[in-house]
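This report describes a ligand site, a helix pair and some backbone features.

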Amino acid sequence: MNPKSDGDLAGMVPGLLAWFDRSARTLPWRSPRGVARDPYRVWLSEIMLQQTTVPHAAPYFDAFTRRWPTVEALAAAADEEVMQAWAGLGYYARARNLLKCARDVAARGGFPVTENELLTLPGIGPYTAGAIAALAFGERTAAVDGNAERVFSRLLATREDWAAAKRRIGAIARDLVPATRPGDFAEALMDLGSGVCTPRQPSCGLCPITAYCAAFAEGLPDRYPIKPAKTARPVRYGAAYVLRRNADVWLIRRPPSGLLGGMLALPSSDWTETRTGCDPPVEAGWSNIGEVRHVFTHFALHLDVHVADARREQLPEGYWAPAADLAGLPTVFAKAASLAGLSARQRH
Ligand code: SF4
């Protein structure tokens, strides 16, 4: 049976939930079956998973919840500690909003329980609000992430403009949420999209809702979703400076707002659309040792790395850090430090 109208999809819900009961993924942030979900763990995981894969986010989730087991504990943490613990996860505005949100929630005595109220908190957009409301508070609302959008685009064989398709998918998904298990429905869609209805070569033979899938019936499921072609990511250029003194390296803290705001960093030039020369923060015998590349959301960065040993002159604001432990550096600077032979961890 293939759906003749959007409403026909309602029949797939029991089968999807039964499949979820048999096949749900075990993830660090998930509660054992039958145990109520903890809003703090749901919220923290959803923020970490924005733009980040499950395997990459999992060790950060474990580290955060060991160190700050409650939202109140996280709210009381120092900004620098949290930014350092976040280093390597990327998209650092998330960490700043995470702290703001934790402090708002702690001040009000707990998470608000509805999607609409959750939307008023820092860093919580429509998807995250829906996910927390459905998973932690059982609200009959949808959490439609990229995985769920892909599943629905195939179920419906959407051909309209992708923005219009996403609106239709959101409305249909919301209508389908069962009154009794909204959180399980959301996680079932996440699991199906992540493990079965994958972007390429979906495993339709393992899918519990094949009978409802228009793309499967057409025989070309991975033709969907049909999205507009991506425009090329622009390139920016810059320089980073590794200033050494014995076993130490000079680090700065970036200004609180903007890209990588508040993070530890190597001194660097502005990042511009044309290649920059060497304009170091202090005079020293600088050597260009090569280039590292890093991809941010809106641009790719090519960063020339320069190395020198410190002389006695006055240094810009910052401090000497042991070169053997540069764990708090964001990935782009960790790459530059590694190129210079320092032991910064690169987590992605
Ligand atoms: S039948 Fe295939 S394409 Fe359709 S939802 Fe299932 S896995 Fe995805």
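The notes below start with the basis of the model and then turn to its parts.

The model is predicted: local features need pLDDT of at least 70, side-chain atom pairs count only at pLDDT 80 or more, and totals for chains, interfaces and linings use all residues. Residues are numbered from 1 along each chain as its sequence is written, and side-chain values use heavy atoms, without hydrogens and water.

The residues around the ligand (a heavy atom within 4 Å of it) are R154, V196, C197, C204, C207, T210, C213, F216 and P221. By class, this shell has seven nonpolar, one polar and one charged residues.

Helices and strands are DSSP runs (H or I, at least four residues; E, at least two), numbered from the N terminus. Helix α5 (residues 79-86) packs against helix α6 (residues 93-108) at an angle of about 135°, with the axes 10 Å apart. Therefore α5 is oblique to α6 (oblique angles are those left when under 35 degrees is roughly parallel, over 145 roughly antiparallel and 65 to 115 roughly perpendicular).

Two loop residues have backbone angles of note.

| Residue | Angle | Loop |
|---|---|---|
| Q201 | phi near 45° | between α11 (182-195) and α12 |
| P225 | omega near -5° | between α12 (214-218) and β1 (235-245) |

The phi of Q201 is positive in a residue other than glycine, and the peptide bond from Y224 to P225 is cis.

Technical notes
Nonpolar A, V, L, I, M, F, W, Y, C, P; charged D, E, K, R; others polar. Axes fitted to C-alpha atoms, helices over the stretch in contact; angles between N-to-C directions.
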